[in-house]
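Grab a coffee and work through these exercises with the model open beside you. Each one sets a task and then walks through the solution.

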Amino acid sequence: MTITEILFWLLTVVALTGALLVVTSKNPVYSVLALIATFFAISGHYILLNAQFLAVVNLIVYAGAIMVLFLFVIMLMNLNTETEPQKNKWLKMAGTVAGGCLLLVLVAALRDADSKSTIALVNSGDTGLIENLGKLLFNEYVIPFEISSVLFLSAMVGAVVLGKKE
Amino acid sequence: MIQLAIDLAFILEKAILIGGIITVSLVVAMYSTWAERKVAGFMQDRLGPNRAGPFGLLQPLADGLKLFMKEEIIPNASNKFLFILGPGLAMMTAMMTSAVIPWGREIEVFGRTVSLQIADINIGILYIFAVLSMGVYGIMIGGWASNNKFSLLAALRGASQMISYELAMGLSIIALLMLTGSLSLKTIVEQQSAAGGWWNILYQPLGFLIFMVCAFAECNRTPFDLPEAENELNFGYHQEYSSMKLGFYLFAEYINMFMSSVLMATLYFGGYDIPFVNDAALVESMGTNNVAILQGLSLFAKAAFFIFFFMWVRWTIPRFRYDQLMHLGWKVMIPLALINMLITAVVVLIRQNGWPF
Amino acid sequence: MQTLTNRSKAVDRHPMTVWEKMYLPAIAKGMSITLSHFFKKKPTINYPEETRPFSPVFRGLHILNRDEEGRERCTACGLCAVACPAEAITMEAAERKEGEEQLYREEKYAAKYEINMLRCIFCGLCEEACPKDAIYLSETFAPSNYKREGFIYGKNDLLIPDPKTEPELYRKAVGERSRKS
């Protein structure tokens with residue numbers, strides 16, 4: 001096994017355990033922390049794929065900003081294991097069905113995906129480097145990029161409208 | 001699959017470099033505590049610590065010993081794992097920034113050319129931001145795990161402050177990046193130290209000001225030390241901590257201060273560049289290693305000035321109220337940074353394409 | 001209205017100008033003030049190495065005096081104890097035996113002489129009351145102690161060294177006092 005492979009398996013194990021802990025742990029704060037660990041492992045995968053920009057942005061945006069907000073809310077609401085609300089039986093059922101459907105779609109999509117020809121370029125590809133990514137985003141995909149930024153703007157305006165009490 | 005090449009000498013070289021840099025930053029942080037008390041004393045017409053050793057130079061050792069000897073208290077109702085994880089995270093994130101900072105050009109040891117930078121990654125600045133945003137967790141986890149509502153409130157206060165000022169900091173950096181066109185700190189320093197290159201402070205005075213104010217806020221230093229506010233708000237998020245765990249939090253603050261001083265020097269004041277001297281010509285006459293030492297000293301001198309500046313500000317300016325802090329962050333710093341970014345973008349475009357009208 | 005002093009100032013409540021709102025000039029001014037203090041001479045006295053000179057009328061720890069031949073002057077008359085407003089002085093008198101003439105000047109002497117330094121207010125009335133010049137207040141103060149008992153000074157602590165057997169120590173103990181009188 002090469003170093004890359006060892007790292008890959010290590011990161012995979014960390015990511016999967018983290019993800020499982022997110023779902024199984026009783027304490028919501030632990031869930032958030034496990035999710036952060038998962039993000040770290042995923043960022044590690046990005047680095048293995050030579051996509052350093054994605055890795056760091058993943059850390060900054062998800063682990064650094066969004067999860068902090070999650071933690072904020074959870075800490076302020078003081079969700080303890082005792083006060084965890086008992087969910088409706090039907091709700092549980094609906095969740096199971098929805099999750100199963102998602103799994104089905106994912107498995108079907110992965111089966112159809114042509115995984116042989118587009119093997120990930122570990123440690124050598126240069127699409128993930130910041131220059132190439134920037135050129136791609138601002139030349140080929142400039143319209144989707146700008147549209148998504150308008151989407152964020154509308155989200156911000158929406159938050160302001162919601163926050164303003166008339 | 002391409003194998004990651006394992007070069008034993010390479011690993012050894014990096015390990016020694018990492019060890020050296022960690023040691024240096026710990027010693028600098030230690031003596032920052034001494035310097036802080038000395039500066040505080042001198043600015044208040046006192047002498048500061050002068051009992052342990054000449055000029056009180058052994059005072060940090062005595063303080064460290066005291067912290068180690070103190071009883072280690074973990075509150076009964078606290079979350080033990082997270083309670084211990086908190087200060088560890090704070091310390092770790094504080095140290096991690098040093099990985100991408102170029103401490104000097106290069107040295108030659110046993111015929112090998114060793115770069116005085118742990119990792120020259122092409123996203124150096126983004127890496128620093130990622131580490132900075134991790135720094136919030138040390139505070140939040142510590143405050144929450146204490147199971148004390150005052151610690152929790154202080155932790156939330158600190159975290160929201162750090163997130164708010166991170167934005168303005170990032171925006172002020174973007175203007176700088178437009179000029180340099182690179183995210184690698186090494187390239188930024190080389191551009192400044194090249195013959196005919198000026199320090200970035202000349203191009204980005206407003207950006208530097210914003211960056212500096214945000215650095216103060218990120219390090220939780222006065223006038224932005226609301227998370228701590230030791231003399232009015234019960235020591236903030238590390239209220240329940242004792243012994244070396246408290247020491248770690250306090251130490252992390254000083255390491256953060258050192259790192260942001262080095263960062264300010266690197267980004268805006270030419271990094272390891274020796275002022276008024278052409279470094280490349282100096283290499284010819286003095287040899288690589290001597291120049292590397294001089295460059296390191298130059299960087300440390302700049303950093304030391306900024307550390308002194310941090311302390312100088314601390315003993316001059318009173319603390320902000322929380323609403324003033326948020327007002328400054330969101331309504332002053334971010335618009336200013338945006339304006340700075342806009343002006344820089346216009347200037348860069350005109351320089352590239354000429355005046356279009 | 002007539003002002004008491006001419007120094008009162010009306011509070012200026014005008015809205016801040018743009019220049020003032022930038023705060024930076026004010027901050028720079030404040031920083032220059034702190035920096036000027038940085039280079040000022042410090043008034044600190046490093047105590048154990050440097051001591052502050054006592055004034056000539058300083059009243060510190062008591063000393064029981066001897067005459068030139070090294071005999072105790074105190075006759076245990078009790079006037080100092082009576083004069084003491086804090087009631088810090090206690091003593092027991094004893095009669096001088098044969099062969100003790102070189103120890104005590106008078107026929108009666110103080111067998112026990114105690115001053116409680118925690119009660120003493122260092123007013124110096126005992127010095128004034130003493131008819132034999134046997135007690136005076138020196139230019140030192142009581143060193144710290146862990147126990148209250150340590151502040152009850154007996155004869156051993158109070159007596160001045162013998163000028164005949166220990167002239168060095170005697171001169172040191174008399175010190176400034178001799179020059180003053």
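A salt bridge here is a side-chain nitrogen of Lys or Arg within 4 Å of a carboxyl oxygen of Asp or Glu. Keep in mind that this is a predicted model.

**Exercise 1. Work out which chains touch, and how chains A and B meet.**

Step 1. Start with the pairs. Two pairs of chains touch, and chains A and B share the most contacts of the two. Chain A and chain C do not touch, since their nearest C-alpha atoms sit 27 Å apart.

Step 2. Now look at who takes part. Chain A puts 28 residues into the contact with chain B, and chain B puts in 27.

Step 3. Add the area. Chains A and B bury about 2600 Å² between them, with 79% of it on carbon and sulfur atoms. On the chain A side, A:Ile60, A:Phe72 and A:Met75 lose the most area to chain B, together 21% of what that side buries.

Step 4. Apply the salt-bridge rule. Between chain A and chain B the count is zero.

**Exercise 2. Do the same for chains C and B: how many residues does each bring, and how many salt bridges cross the interface?**

Step 1. The contact draws 15 residues from chain C and 16 residues from chain B.

Step 2. The buried area comes to about 1300 Å², 70% of it on carbon and sulfur atoms. In chain C, the residues that lose the most area to chain B are C:Met31, C:Phe38 and C:Lys42, together 42% of what that side buries.

Step 3. Across this interface the rule finds one salt bridge. B:Arg51 pairs with C:Glu49, and their closest N and O atoms are 3.2 Å apart.

**Exercise 3. Find what B:Arg221 pairs with, and say where the two partners sit in the chain.**

Step 1. The side chain of B:Arg221 meets that of B:Glu253 in a salt bridge, at 3.4 Å from N to O.

Step 2. The pair ties together distant parts of the chain, 32 residues apart: B:Arg221 lies in the loop between H8 and helix H9 (243-268) of chain B, while B:Glu253 is in helix H9 itself.

Step 3. For the wider tally, the rule gives 14 salt bridges over all chains.

**Exercise 4. Describe how H3(B) packs on H4(B).**

Step 1. Get the geometry. Helix H3 (residues 80-96) and helix H4 (residues 124-145), both of chain B, pack at an angle of about 160° with axes 8 Å apart. Angles over 145 degrees count as roughly antiparallel, so H3(B) is roughly antiparallel to H4(B).

Step 2. Add the handedness: the crossing of these two helices, H3(B) and H4(B), is left-handed.

Step 3. Pick out the residues. On H3(B) the contact includes B:Leu82, B:Phe83 and B:Leu89, and on H4(B) it includes B:Val131, B:Met134 and B:Ile141. By class, the contact of H3(B) with H4(B) has 13 nonpolar, five polar and no charged residues.

**Exercise 5. Are H8(B) and H12(B) roughly parallel or roughly antiparallel?**

Step 1. The axes of H8 (residues 205-218) and H12 (residues 322-353) of chain B come within 10 Å and cross at roughly 150°. H8(B) and H12(B) are therefore roughly antiparallel.

Step 2. H8(B) passes H12(B) in a left-handed crossing.

Step 3. From H8(B), B:Leu206, B:Gly207, B:Ile210 and B:Val213 meet B:Leu328, B:Met333, B:Leu336, B:Ala337 and B:Asn340 of H12(B). That contact of H8(B) with H12(B) splits into seven nonpolar, two polar and no charged residues.

**Exercise 6. Describe how H5(A) crosses H6(A).**

Step 1. H5 (residues 130-140) and H6 (residues 142-163) of chain A have axes that come within 5 Å and cross at roughly 90°. H5(A) and H6(A) are therefore roughly perpendicular.

Step 2. A:Leu137, A:Phe138, A:Asn139 and A:Glu140 of H5(A) meet A:Val142, A:Phe145 and A:Glu146 of H6(A). The classes in the contact of H5(A) with H6(A) are four nonpolar, one polar and two charged.

Key: Residues numbered from 1 in each chain as written. Chains lettered and ligands numbered in written order. Predicted model: local features only at pLDDT ≥ 70, side-chain atom pairs only at ≥ 80, totals over all residues. Heavy atoms only, no water. Axes fitted to C-alpha atoms, helices over the stretch in contact; angles between N-to-C directions. Helix = DSSP H or I, 4+ residues; strand = E, 2+ residues; numbered from the N terminus. Parallel < 35°, antiparallel > 145°, perpendicular 65-115°, else oblique. Left-handed = near helix turned anticlockwise from the far one by under 90°. Contact = heavy atoms within 4.5 Å. Nonpolar A, V, L, I, M, F, W, Y, C, P; charged D, E, K, R; others polar. Buried area = accessible area lost by both parts, 1.4 Å probe.
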